[in-house]
Amino acid sequence: MNSIKYEGFLRKLSEMSEKGILSYSEDAELAPHSTFKIGSVADLIVKVHNREALAEVLRAVHSEGIKYAVIGNGSNLLVGDKGIPGVVVEIGRMMGEITL
């Protein structure tokens with residue numbers, strides 16, 4: 001992962017993590033986040049714990065120009081050997097509560 005590219009975003013994540021509204025991992029294996037238990041890595045995986053955290057993370061990736069993907073519980077999720085560049089935002093069980 002290119003830490004310089006994500007420097008401002010990582011600071012924001014650290015602040016939000018200290019508040020207990022999300023957790024995150026760098027160079028994260030995606031297999032544990034998929035029901036198929038296969039997959040490569042993501043630069044960052046962010047697990048949000050509430051809607052406000054989701055909104056804040058999405059605002060931050062947009063303002064920093066960082067590529068991202070949003071996943072739910074990982075059902076039917078296949079990740080290629082090259083992984084997912086950028087940030088993977090895991091909403092988990094909140095998936096049923098979110099409307100766009």
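Leu30 is buried, at a relative accessible area of 2%. In this predicted model, the residue sits in the loop between β1 and β2. Its contacts, leaving aside residues up to four places away in sequence, are Ile38, Ser40, Val41, Ala42, Ile45, Val79, Ile84 and Val88. Leu30 and Val79 are separated by 49 residues in sequence. In space, their C-alpha atoms lie 7.6 Å apart.

The protein as a whole contains two helices and four strands. Read from the N terminus, the order is α-β-β-α-β-β. The radius of gyration is 13 Å, close to the 13 Å given by the globule rule for 100 residues, so the protein is as compact as a globular protein of that length. Along the principal axes, the C-alpha atoms fill a box of roughly 35 × 30 × 25 Å. Contacts between residues at least 6 apart in sequence were examined for their span. Of these, 56% join residues at least 24 apart.

Burial and surface were computed next. Of the 100 residues, 38% count as buried. The accessible surface comes to about 6000 Å². Carbon and sulfur atoms account for 50% of that surface. The protein carries 11 positive and 13 negative charges. The mean positions of the two sets are 5 Å apart.

Nonpolar side chains tend to be buried together in soluble globular proteins. The largest nonpolar core here has 20 residues. Phe9, Leu13, Val48, Val57 and Val87 touch the most other members. At least two residues of this core come from each of α1 (7-18), β2 (41-48), α2 (51-64) and β4 (84-90). Helix α2 makes the largest contribution, with five residues. Val57 touches Phe9, Leu13, Met16, Leu22, Val46, Val48 and Val89, with residues up to four places away in sequence not counted. Another core, of eight residues, lies apart from the largest one. Its members include Ile71, Leu77, Val79 and Val88. Two of the residues named there, Val79 and Val88, are also among the contacts of Leu30.

Glu56 is a charged residue that is placed in helix α2. Its relative accessibility is 19%. The cut-off for burial is under 20%, so Glu56 counts as buried. Beyond residues up to four places away in sequence, Glu56 touches Lys12, Met16 and Ile21. Met16 is also touched by Val57.

Two residues stand out by backbone geometry. Asp27 has a positive phi of about 45 degrees, although Asp27 is not a glycine. This residue belongs to strand β1 (residues 22-29). Asp27 is partly exposed, with a relative accessible area of 46%. Lys37 likewise has a positive phi, of about 60 degrees, and is not a glycine. Lys37 lies in the loop between β1 and β2, where Leu30 is also found. The relative accessible area of Lys37 is 52%. Exposure requires a value over 50%, so Lys37 counts as exposed. Within that loop, then, Leu30 is buried, whereas Lys37 is exposed.

Terms used. Residues numbered from 1 in each chain as written. Predicted model: local features only at pLDDT ≥ 70, side-chain atom pairs only at ≥ 80, totals over all residues. Heavy atoms only, no water. Rg over C-alpha atoms; globule rule 2.2 N^0.38 Å. Buried < 20%, exposed > 50% of the residue type's maximum accessible area, 1.4 Å probe, protein only. Contact = heavy atoms within 4.5 Å. Areas by Shrake-Rupley, 256 points an atom, 1.4 Å probe, with all protein chains shown as cover. Charge placed at Lys NZ, Arg CZ, Asp CG, Glu CD. Core = buried A, V, L, I, M, F, W, Y, C linked by side-chain atoms within 4.5 Å.
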